[in-house]
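This report describes the interior, the pockets and several individual residues of one protein. Please study the sequence and the structure below before reading on.

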Amino acid sequence: MDLGLRDKNVLITGSTAGIGRRIANLFAAEGANVAICSRTEESVKQAVKEMSLMAEGRIVGAPCNIKEKEDYEKWVADMAEELGGVDVFIPNVSAGGGNDSERNWWKNFEVDVLGTVRGVEAVLPLMEETGGAITMIGTTAAVETFMEPQPYNAMKASLITYAKQLSQAHGENGVRVNVVSPGPIYFDGGAWDMIKISNEKFYGITEKTHALGRLGTPEEVANCVVFLSSQAASWVTGVNLVVDGGYTKRVQL
Ligand SMILES: NC(=O)c1ccc[n+]([C@@H]2O[C@H](COP(=O)([O-])OP(=O)(O)OC[C@H]3O[C@@H](n4cnc5c(N)ncnc54)[C@H](OP(=O)(O)O)[C@@H]3O)[C@@H](O)[C@H]2O)c1
């Protein structure tokens, strides 16, 4: 299947490590031009260098903390100018889970919600004439009860409604908007690596809860994000694609 991503311009936030990095790697492998960021200048430089060794398209990047509105808007504008436009945008950064404190509500609102909204508002005018795809990163914690009431779960849920409504409002400009919601994903140094070390019992229960009997990999999430963001998914908009190996148990009608 031709994903039609060659020479497309892709911006991904939080993309020097974890799931974001695997998404960036896969877009690059498909021949897209890719712009990355994280808060750490050294890791951006290193990731650009590593990715450029394999990529056919252009790989660019700059440090950016998406919590800083002006910094973030400048990153979008600079990357769009360097690449010559934006065809695909993946707002991937999250503040992660944490207990039900007012501090964490603000943190998840600022990073997960505003971090998505500000990016979307910066890229939409750039997509108006040419069309494009925005794929947000959700979580299964948004669609089923997970651990305890916490802001991460509820703030991520708000992205599903936001994406659906954006898809209705901007479809006439050829802009598709979707969400990919991963279940627990294991990779070295990631959140589930920490849980495996700190709470082996909970990790074991979580593994068994998956219909497929294991946690997912970041590459399995990246495959779905790249597909949904590509021309191969040209008739898909406004969906929340759950990518979880059968971790969630509800019937999704
Ligand atoms: N891991 C899972 O099991 C899982 C499950 C469901 C959903 N998700 C979702 O998938 C997405 C990626 O998760 P992940 O586990 O791969 O995350 P991660 O391992 O924590 O990766 C974070 C990446 O984002 C960068 N970053 C963090 N804060 C940033 C900020 N304020 N501004 C710019 N860059 C920032 C980090 O670099 P610096 O630290 O250098 O800035 C790094 O490159 C998130 O939206 C998460 O909610 C993850």
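The cysteines offer a starting point. Cys37 is buried, with a relative accessible area of 0%. The model discussed here is predicted. How many disulfides does the structure hold? The number is zero. Cys37 takes part in no disulfide, and the nearest cysteine sulfur, which belongs to Cys64, is 4.7 Å away. Cys64 is likewise in no disulfide, its nearest cysteine sulfur being that of Cys37. Cys64 also counts as buried, at 4% relative accessibility. A disulfide is counted when two cysteine sulfur atoms lie within 2.5 Å, so the pair is not counted as one. In general terms, a disulfide is a covalent bond between the sulfur atoms of two cysteines.

**The nonpolar cores**

The largest nonpolar core has 32 residues. Which of them touch the most other members? They are Ile12, Ile23, Phe27, Val34, Ile36 and Ile90. Several elements of the fold each supply at least two residues of this core: the strands E1 (9–12), E2 (33–36), E4 (88–90) and E5 (132–137), together with the helices H1 (18–29), H2 (41–54) and H8 (218–228).

Ile90 serves as an example of the contacts involved. Leaving out residues up to four places away in sequence, Ile90 touches Leu11, Ile12, Thr13, Ile23, Phe27, Thr135, Ile137, Val225 and Ser229. Apart from the largest core lies another, of 27 residues, which includes Val123, Met127, Met136 and Val177.

**The pockets**

The table sets out the two largest pockets.

| Pocket | Volume | Lining residues | Classes in the lining |
|---|---|---|---|
| Largest | about 1,300 Å³ | 45 residues | 20 nonpolar, 20 polar, five charged |
| Second largest | about 190 Å³ | 15 residues | three nonpolar, nine polar, three charged |

In the largest pocket, the lining residues nearest the centre are Asn92, Ser94, Ala95, Gly96 and Ala191. The elements that give two or more residues to this lining are H1, helix H4 (102–127), helix H5 (151–170) and helix H6 (191–198). Helix H1 therefore appears both here and among the elements that supply the largest core.

Around the second largest pocket, the lining residues closest to the centre are Asp87, Gly132, Ala133, Ser229 and Gln231. Ser229 is also one of the residues that Ile90 touches.

**Asn173 and its surroundings**

Asn173 lies in the loop between H5 and strand E6 (175–182). Is Asn173 buried or partly exposed? At 26% relative accessibility, Asn173 counts as partly exposed. Beyond its neighbours within four places in sequence, Asn173 is in contact with Met127, Glu128 and Gly131. Met127 is also among the members of the core of 27 residues. Asn173 and Gly84 are 89 residues apart along the chain, and their C-alpha atoms are separated by 19 Å.

**Two residues with positive phi**

Most residues other than glycine have a negative phi. Where, then, do positive values occur outside glycine? One is found at Asp7, whose phi is near 70°. Asp7 lies in the segment before E1 and is exposed, with a relative accessible area of 55%. Another is found at Met147, whose phi is near 60°. Met147 belongs to the loop between E5 and H5, and this residue is exposed as well, with a relative accessible area of 56%.

Terms used
Residues are numbered from 1 along each chain as its sequence is written. This is a predicted model: local features need pLDDT of at least 70, side-chain atom pairs count only at pLDDT 80 or more; totals for chains, interfaces and linings use all residues. Side-chain values use heavy atoms; hydrogens and water are left out. A nonpolar core is a set of buried Ala, Val, Leu, Ile, Met, Phe, Trp, Tyr and Cys residues joined through side-chain atoms within 4.5 Å. Buried means under 20% relative accessible area, exposed over 50%, partly exposed in between (1.4 Å probe, protein chains only). Helices (H or I, at least four residues) and strands (E, at least two) are DSSP runs, numbered from the N terminus. Contact means heavy atoms within 4.5 Å. On a 1 Å grid over the protein atoms alone, a cavity is a set of points where a 1.4 Å probe fits but cannot get out, and a pocket is an open set with protein on both sides within 12 Å along at least five of seven lines; lining residues have an atom within 4 Å of a point. Grid points are joined across faces, edges and corners, and a volume is the space filled by probe spheres set on the points. Ala, Val, Leu, Ile, Met, Phe, Trp, Tyr, Cys and Pro count as nonpolar, Asp, Glu, Lys and Arg as charged, and the others, Gly among them, as polar.
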